[in-house]
Amino acid sequence: MKRKAMVIGLASITVGLVVIAVFRNSYFDSRVYHGAIVYWFRDGGMVYDFLRPGTPYGFTYPPFAGLVMSPMTVLPLLMVMILATIGTVVTTALLVWWLAGPLIRRHGWPVRFAFAIALCLTIAFEPVRETISFGQVNTLLLALVAGDMILGLDKGRKWAGVGIGLATAIKLTPGVFILYLLVTRRWRALGTAIGTATGVTLLAGAIFPDESREFWTSALWDTNRVGLLHYLSNQSERGMLARLPIEEIESRVWLVLVLATLAVWAWRVAKAREDVIGGLALTGLLSCLISPVTWIHHCVWLIPALIRCLSYFEEHRSRFYLGAAAYVVMTSHVTWLWDKAPRPPLMFLGGNVYVWFSLALLLWTPVGTRRSSDVHEKVKITA
């Protein structure tokens, strides 16, 4: 009875946090997607010319993503919002089962109870509830990549790489996982991922030649379409630098940071090549750090690293505390205290919380250790 009351109480808090976020963000991105797809398929307009009325925001994904979203043409906006919410909850549940399931089973915890608690905590995580409230596709892409790596790559399936390729064709950011396959010398999966991404992109190009030409030659390079780099929600290394008064050298400093981040990431994933879930965790962190734009809702890619750190509650307590602190701070909405606050020095600390924790997790998320190898083997057996 106590367990049931605990789940109900935590679920109520989680739903409350999501509802607050929904009132604040009003499914903004779903509105953009729906408007752009209707403008493209129903009204015959150029999708990259569409801007949501009263805003500078339009469709920023490749044409293949538009093809995937084409059913929106016949769906009312409300149904798109409902389906986006269901999709985020379902894919979050899959991620929790894949990543935290082995830990739950290894310790013999009541499966339903532990899974329900873990799912509520994950949905309460600010990037996930922001994904729901914006009507975004972040957890769908993360689940596509994670499923490919856990169920495909880690088990030596011939189709491994397909999920990474599809995710990259829908949104370019998951392309860093193709780099992961290269660094860890997984040649077959690398070829499959590149072939899949290329194949569906060429398919979209054959069906929509004008839109493809517009995206690859113009829309892709127009940073004004995604928002201002210095906006607080941009929690990438580039966003952090854009909030500093260093306009003249910003690009050069960013290049140095990206190269240094790539070097640390490549060293860690190559050293722990057999730890596929660790590679998923580190590469997710990399995608958030080096992307020019990483809105807070994009930071769902931190979830594998957080779960990996939190699984160390028995030993390596410092890793556990890092994961716990990162979760609590990044769930608290505290970063937004600096939204309109003075710039440096306080802004540099509080306004870049996701950047600091992403860097710390990149350095200290446990990978390739005895414990992580145990979890890795458990997943191979039970996934």
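1. Let's start at one helix pair. In this predicted model, Thr261, Val264, Trp265 and Arg268 of H13 touch Leu361, Leu362, Leu363 and Trp364 of H18. Sort those contact residues by class and you get six nonpolar, one polar and one charged.

2. How do H13 and H18 lie against each other? H13 covers residues 250-271, while H18 covers residues 353-364. Their axes sit 9 Å apart, and the packing angle is about 30°. Angles under 35 degrees count as roughly parallel, so that is the word for this pair.

3. Now follow H13 to another partner, H9. Leu179, Tyr180 and Val183 on the H9 side meet Leu262, Trp265, Ala266, Val269 and Ala270 on the H13 side. This contact has eight nonpolar residues, with no polar and no charged ones. Notice Trp265: this residue is listed in the contact of H13 with H18, and it turns up in the contact with H9 as well.

4. The geometry of H9 and H13 goes like this: the axes come within 10 Å and cross at roughly 50°. The two helices are therefore oblique to each other. As for handedness, H9 passes H13 in a right-handed crossing.

5. H9 has a further neighbour to look at, H14. Which residues make that contact? From H9 come Val176, Phe177 and Tyr180, and from H14 come Val276, Gly279, Leu280, Thr283, Gly284, Leu286, Ser287 and Ile290. By class, the contact divides into seven nonpolar and four polar residues, with no charged ones. Keep an eye on Tyr180, which meets H14 here and is also part of the contact with H13.

6. What about the angle between H9 and H14? H9 runs over residues 176-183 and H14 over residues 276-290; their axes come within 9 Å and cross at roughly 135°. That makes H9 oblique to H14, and the crossing is right-handed.

7. Stepping back to the whole chain: the secondary structure comes to 19 helices and zero strands. The C-alpha trace spans about 55 × 50 × 50 Å along its principal axes. A compact globule of 383 residues would have a radius of gyration near 21 Å, and the chain's 20 Å agrees with that.

8. Finally, how far can you lean on the model? The mean pLDDT is 91, and 94% of the residues reach 70 or more. Residues 370-383 are another story, with pLDDT below 50, although this stretch has 30 contacts in the model beyond near neighbours in sequence. Where pLDDT is low, the predicted coordinates should not be read in detail.

Conventions
Residues numbered from 1 in each chain as written. Predicted model: local features only at pLDDT ≥ 70, side-chain atom pairs only at ≥ 80, totals over all residues. Heavy atoms only, no water. pLDDT = per-residue confidence, 0-100. Contact = heavy atoms within 4.5 Å. Axes fitted to C-alpha atoms, helices over the stretch in contact; angles between N-to-C directions. Helix = DSSP H or I, 4+ residues; strand = E, 2+ residues; numbered from the N terminus. Parallel < 35°, antiparallel > 145°, perpendicular 65-115°, else oblique. Left-handed = near helix turned anticlockwise from the far one by under 90°. Nonpolar A, V, L, I, M, F, W, Y, C, P; charged D, E, K, R; others polar. Rg over C-alpha atoms; globule rule 2.2 N^0.38 Å.
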